[in-house]
Every structure is written in C-alpha cells, then in structure tokens.
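Biologist: Could you take me through one part of this model closely, namely an open sheet in one of its chains, and set that sheet in the context of the chain around it?

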Amino acid sequence: MKPSLLLAISLAAASVAGSAFSAPTVTRLNPPSALFTSADPSPPYISRFLPDQRFDLQATIQADAGQAITGAVFKVNNVVVPGTVTVSSIGGDKYSVALRAYSTPSTGVKTLTVEATQAGGTLATAQGNFEIVSLTRTRLSGVRKAKNIIYLIGDGMGIAHRTAARIVSKGVSQGKAIEPLAMDRMPYTALLMTSSLNSIVTDSAPGAACYSTGNKSNNNQEGVFPDDTTATLSDNKWDNPRVEHMGTYLARKQGKALGIVTTADVEDATPASFGVHAQDRGAGTGICDMFLDEAAVKSNLRVLMGGGRKWFLPSTTGGSGRVNSTTAAGADYVLPADIATGWGVAAGTVDPNRDLIADFQTAGFTYTPDATSLGAIPANTTKLLGLYNTGNMDVAMDKIAERRGGASVGTVATFPDQPMLDEMTDKALQVLNKNAKGFVLMIEGSSIDKQAHNMDTERWILEAIEFDRAIAKCLAFAQANPDTLVIVTADHECAGINIIGSSLVTNAELITRSTANGNDATAGVINGATGVSTDGQTKLRTGVVGTYDAASFPQYQIQADGYPLSMDVNYKMLIGYAGSGDRYEDWLTNAQPNVSGAARDVAGDFFIPGQATGAGASTAVHTASDIPLSAAGRGASLFHGVMENTDVFFHVMQAVLVGAQ
Amino acid sequence: MTSKNSLPILLSLCAIGSVAMMVLSRPADSVTSLESTAPQAVTASSPAPTSSLRNLADDYALLAFEELYQLPAGPRGLEFTLKTQSLKGRKVRMGGFMVRHFHEDAGVFLFTGVPAAHNQAEYILADSLPTSLVHVMLPQIPGRAPSWRPQRITVFGTLELGSHQELDGRLSHVRLIAEHVADSQTLERTEVRRPLALQRDRMASGVRTLFRSSQGDNPPTNNLTNTAPSSLR
C-alpha cells in the first residue's frame, strides 16, 4: 500500500472517531470512489460513466444524536447540481440524501462534493470523484460503428470449462484439437479481472451488471450502488442509487432494442443485470414486473426468454411464485417517489395476483410456452416472450436425453418440450433484427455455473457445448450482418475446475469399482481413525486417475444433434475441483441432476472433502481467477490484454458510439 | 460461531444439546405440548403404541409425487390431478426425499420425489427443484429444525392444497401437515429434528445471509448465529 494512502486512512479513521462528539458525518458517498473511502485522488477511478449516462448521486449522513438533516446539495467540480435532493431518515440518526438520474455531457475526472445541513446549520461535507470517459476515434479512416451488440455470457465459465467442452465435442489427437469450438474461432482474446465492489470473489449479479452499467457493484446487487437503508423501510430493496443500463442508454440515444435470453429463471442474476435495478437479486416478483414496466418501456426490451414462469402466474395459480411483499425473498417492487419521478418510470405495486403473461401479451409480446410454439412464431414477430419452465430450464444433458427418447429426469416430465439455447438464439436474432436501428442481446448459458456448483461434471460440460452451439449461431449472424459485435465471456469462474487427466479403466470396470463398497464393505464410511480418509481411494483414485502420459486422448462419439452419445466412455476425461464442497466421486454420469454431492455416488466409498466452508457445505463456489473473453465482428479488435470487467462496457460503447475497425 | 471465544460456548451448547436430544428423541407425534407458532402446523394425532407405522398405512392414502399434478404442464400454470383434488384435506402418505436445503422456518422442510439440493444463499428462489414440491409442516419447536437426511422417508399427514406464502418468501401449493415421519424401507419412526447447533449437515445460509442482513434484509430468525433456544437450558 502506498504510504500516502496509509496516512490518509489513519487520518480518516481519526476524523470518524472524533466526529461522534462534534459534528454530523458523511459515512457514504455514491458513486463509490477511492477519494471518499481512502482520500486517494489518483486512478484507478472506481466509478466511470459515459457522457450523458444517468446515475444517482447519494450520500448517507450520520447526524448528531437527536438531530435531523434538513437539506443537502451535491456539487460537481464545485458547481451545485440542479435538481431535487430528497432527504430520508433511515433510523439511528442516519439520513440518506439523493439526487436522481444525474448526467453530464462533459468528459474528464470530476470531483463530487456533498454538503448536508443539520438543523441549526451545522454542515457535514465530504468529497469523492468519478470519471466521465472520453470515447475518441483510434483511427481517422476505415472505421465503422457497431450496430448490433451480442453478449454471450457462459455463467461460471473459466478456461477449463471451455477446454473440457472442446475435448469432448471436438476431440484432440496427437496433441492437436481436431476442430476448434465456435468460440475458439473468434479472433480477439482478453482476460478479465472479476472482483466486485465488496469482494475479490464476485457473484453473478455484479459479475454481469458491470457489462451493462460499466460499474462495479456489491455482491447480490444489479444495476445499483450499495446504500444504508434498513429493513424498517418497505422500499429498502428498491431505493438504491441506480446506474443506467446499456440497453436503456442505447434505446434512449439510438432506438436500439434489447433482448435477454437465458436457460435460467429469467429473474436470475445475469438476465436481470441487463434489464432491472435491484439491491436483491432474489426479488423475483419485482424483477419480472420491472422487465415489463421498465425495461420494455425504457430499454425497448423486445425479447425475453428462459425459465421462471412462476413469477408470471397469479399467485393463486398452481406453480406460481409471486410474492405478496416488498421485503421477503422473491419480493415485489414499489419504488420511492423520487426514483419514479427522477427516472420517469412506473412506481410499481404489490400485486401477487398479477397475470404478467397476459400483461406482456397486451404489450404486444407473442408468448411461447415451449419449443414447438417458439419454432412456429410468425416471421413478422417483433416482440417475443418465452417461458419454458416454472424454475430454471432443464440442462442440455437432460433435454437431449428426452429428445433421444431416454428417461425423463429433472422437470422434463413436466416440461418435455423445452428449446435448446441455440434454438432460442435463432429466434431472438430473427425478432431483434426486425429493429432497423440495431439491438443489444444478452444470451446466457446459465447452468454451466449451476452444474459446476453441484460438481456435476457431465452436466456442465454439456451446458458448455450447448452454449458453444448458440455462439455458432451468433457468429453466423455476424457474418451475414457485418456491423455486429459478438462478445463471449463469463461473469466469474465457478468451482475451480480443471482437467486432471483421464480414467485408466474402461467404463465397465468403473461401474464395478463404483458399486462395490470399499474395504469395510460399508457404503459411505470414512475411516478417519486409521488416517485414511476413505477406503474408496485405492479403487477410485489410485486405480483410476491417469495423469500426464497415462491420460492420452479420451474419445467421445458426437451424434447428429451435436452432443456426445454418452459421457461414460472408456478411459473418459476426469475433472478436479479446487473450489469444491464435500462430495463422493465415482466419475460416472449421475442419473439425476441437482443431487447433493454428499448424497450421491456413496457406494464407491471415495469421499473427497471440500474446501468450501459452511455447515454442511456440499456445493462448490465461485473463484476469483481471471476469466477469458473472446471477441469477433465490428470492434472486436478493441478487446485484448488484461482488463477490468467494467472496461468491456466502455470498449463496447466505443464500438457503438465512435466506431472501430 | 467461528471465533475462538465462542468455541467453548459452542462445545457446551453441543453437550447440552446432546442431553436434550436424549430427552427429545421421542416419536414425532409425542411432542404435541410444545408451542406451535406456524398457523399451518397442527398438533399430531394420538401416539401409536408401536414405533412401526406399518399398521397405520391403511389409514393413509398413498400419493406419489408424480400423481400430484397433471403431466405435462400446459402453457400456463400447473394443475392438480383428480386424485390430488380428491385427497384434499384427507390423510395421505408420500414417499420421497428431504431437499438438502437450509430453510429459514424451523417448522418446515421441502420434500420431493427424487433427491434434490437447493442453495438458497446462492440462488434465493430461482431454483431447479421438481415442480411437484411439497412443503412438510411439522409442529414447530423453537430452536429446532428438521435435520437433513439422505435416506428415502415416508411422511404421513394431512394434505393441504392452495397457494400460501411461507416465511422464506416461497409460495407453497401443496402442504403435508405431518403426523408421522418414517424411514421408507422399515417404516420405523424417524426423528427428523435436532437442535440447530448440532446441524452440521444442513446447508446453511451462513455468511451470505449475514451479508444480506447488512444490506437491509430482515435477519432470518432461525440461522446458525442464533443462540441456543431456552428449552435446551
């Protein structure tokens, strides 16, 4: 740490300690800055925006005991910002002051000052900063603007997830990949640093929202900065300082359309991070209402596809999940008046019996409940809603098994006709391309992450293959529509995955070893007292895991549908987990998805204790390792080197607003 | 519970809990005198003289998870089968698995026809749980929540239908007001409760819940940071 920074921190600590006796104090200033938190005025600037991109100015003031904050002004570069500053008491002599939907066309680093007045006239003041990024032409000629933006986010997809998908679906022989993945064909590559505003390890909310807002946010939060409101306020989930989304900005400035496609519940963190503003990524009722009330109006949302039908059904309908509250998990939304006014959006209401599918249809959306109806949408469809499951959609492995006439696992028996991600991608592109002014489309391969959490190797590999098939559709679209920029990346790595080698034995032998109990003839017993963690080790680790030369080149047989005939081939590829939870491992495909790693595969008696903490932790966790980004199409050459995840937003906007090769 | 100072407290809690378990390890239907705060939780029927529930099986209609809703689902919501509707308010038995899941209501566990896990701390209510999810309501005992077990269990109870918002925000559509819980193979009674302090094997919200609390959420009333319930002292 820089000596000057240390000094600044101790000074700040001293001033906070002294303030309790003397004067009101500013305890938070949004947008976040190093200048405010540690008196560091130098780059990197934590918060950066585009010219005219809207964001809220907010501060939290600790008043003297029993005193009230009566007013506040915000100053940018020492000039008072015009507009209404709302003062709200948030309990404990704390006050939140906010000025909504600020923007400025002028570029450069700006100081932000808040001056709050306590009854009696005492001032509390603090300073921070932010940057309005100047987008300038890198070349004088040969430059064109990107018209269409496609973000493909493989949730949790690190480098090894990609490699594993390639080894299975394309094969390796004599040291060379027999064929590249679609994403391998993209000409530009970068590495992204993924930390969130409050942790080195991000979750999917700030990990995705950064691509839509250009800014870091706290874990669990999407499209907002953190604040200090408490549960005593009914609107506490919905009053956070907002940052304008890419989709909203480009709809407002250029008339572009927005599309959101996911294999998860559509309220899940990644899809919501492109269309709504929420402190709580779990507030599904409010998030899905906002898709229609705000995103369809302000961001020109024209395509929304995925799971999560439960949020769209009146609460009295079977399968509904709509919540009758603004504070519970799954909450509905009601905005404070200053946000509704400042941003010009609907204030929302608690309406558990809302028929949101009908409301989407009234707004002109064609509703498709399954793959058949999706495939049959008229060619002139301009708005498309697809809800293919009440919760997350089933994973590629289980959808493909059903299509091949196999067993119905997961929720496939309830929803037997769910589309594959490439089929959804096709239709999303068809509908969005109707907008002559272009579009922003986010496509998420969501269960790469979910199945990696569950350490279900075969299922996340097939998810990555399904995701790559969607990428292929987008690259073909970009070839036919050259002013399209395609970005393939993730939000974070999940599970610390890597490829450790291949099985030394045939599948038949693996089955034998996995069904015979260990030396003590009892399934699932860990012989800790003997110093041996499990008696399945000799059978399923020493006797199976082939490393280096012994790994050779596992071979999978790919069917006409693009997926392997079976993942349980002889001498199959083996995966290890570094961000792991407790699990039993027998290396075989699990018959059922979403079974706890601590409860399946016990007959093989090979127990691998996990490193993830928490009582009963049996899921793997996100890691902080950098993630790969691949780019193709108009402006792709802007993406190279090692970047902050927020840089992606500004490079995309460079391609859209200024142009690139 | 991870700081050094709290370790002796935790150990003594465990010791107290172990004693309490011996006292409380009775058939589930004999703990009716304890306070019930959940409106759905009903007091159990009269205790059976034997621990095996085989002789009770005839009194409870067998209802399979795959019989709950019409399959496949239509374009909108899920619809109960005629059989489910006919059993509304009646005594049924269902065989399935406890979801490996931390529930914020100590009187509830999620019950499915196939083994399933849900990490609510990570995903909140966006889940991949089977659509035929059943909420099993137990007589609520302060500080004691059902402990997850991987084995197949059979729940005997009264079938309740219709949407109801639970404490954790999730809507329940099918509730089983439990009277007995048994191991499915032996039909011997199973104790599905243990003091929270001893629940090493339940998936906890842990740090993430604390984090969310700091962001303004109501702290859950039954997470691992709670002190031991007074009934154990």
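Modeller: The radius of gyration used here is taken over C-alpha atoms, and the globule rule multiplies 2.2 Å by the number of residues to the power 0.38. This is a predicted model, and for the 661 residues of chain A that rule puts a compact globule near 26 Å, which agrees with the 26 Å of chain A. The C-alpha trace of chain A spans about 80 × 65 × 60 Å along its principal axes, and 58% of its 661 residues are buried. Among contacts in chain A between residues at least 6 apart in sequence, 72% join residues at least 24 apart.

Within this chain, whose secondary structure comes to 17 helices and 28 strands, the part to look at is an open sheet of 4 strands, which run in the order β1-β3-β7-β6 with antiparallel pairing. The edges of the sheet are held by β1 (25–30) and β6 (86–91) of chain A, and because each has a single partner strand, one side of each is left without a neighbour in the sheet. On average, and with direction ignored, neighbouring strands of this sheet are turned by 20° against each other.

At the β1(A) edge, the partner is strand β3 (residues 55–62) of chain A, and the two pair in the antiparallel sense over 5 bridges. One place to find this pairing in the view is A:Val26, which stands opposite A:Ile61 in β3(A).

Terms used
Residues are numbered from 1 along each chain as its sequence is written. Chains are lettered from A and ligands numbered from 1 in the order in which they are written. This is a predicted model: local features need pLDDT of at least 70, side-chain atom pairs count only at pLDDT 80 or more; totals for chains, interfaces and linings use all residues. Two strands pair if DSSP finds at least two bridges between them. Axes are lines fitted to C-alpha atoms, for helices over the stretch in contact, and angles run from 0 to 180 degrees between N-to-C directions. A residue is buried if 20 or more other C-beta atoms lie within 10 Å of its own, exposed if 12 or fewer, and partly exposed in between; C-beta atoms are placed from the backbone. Two residues are in contact if their C-beta atoms, placed from the backbone, lie within 7 Å.
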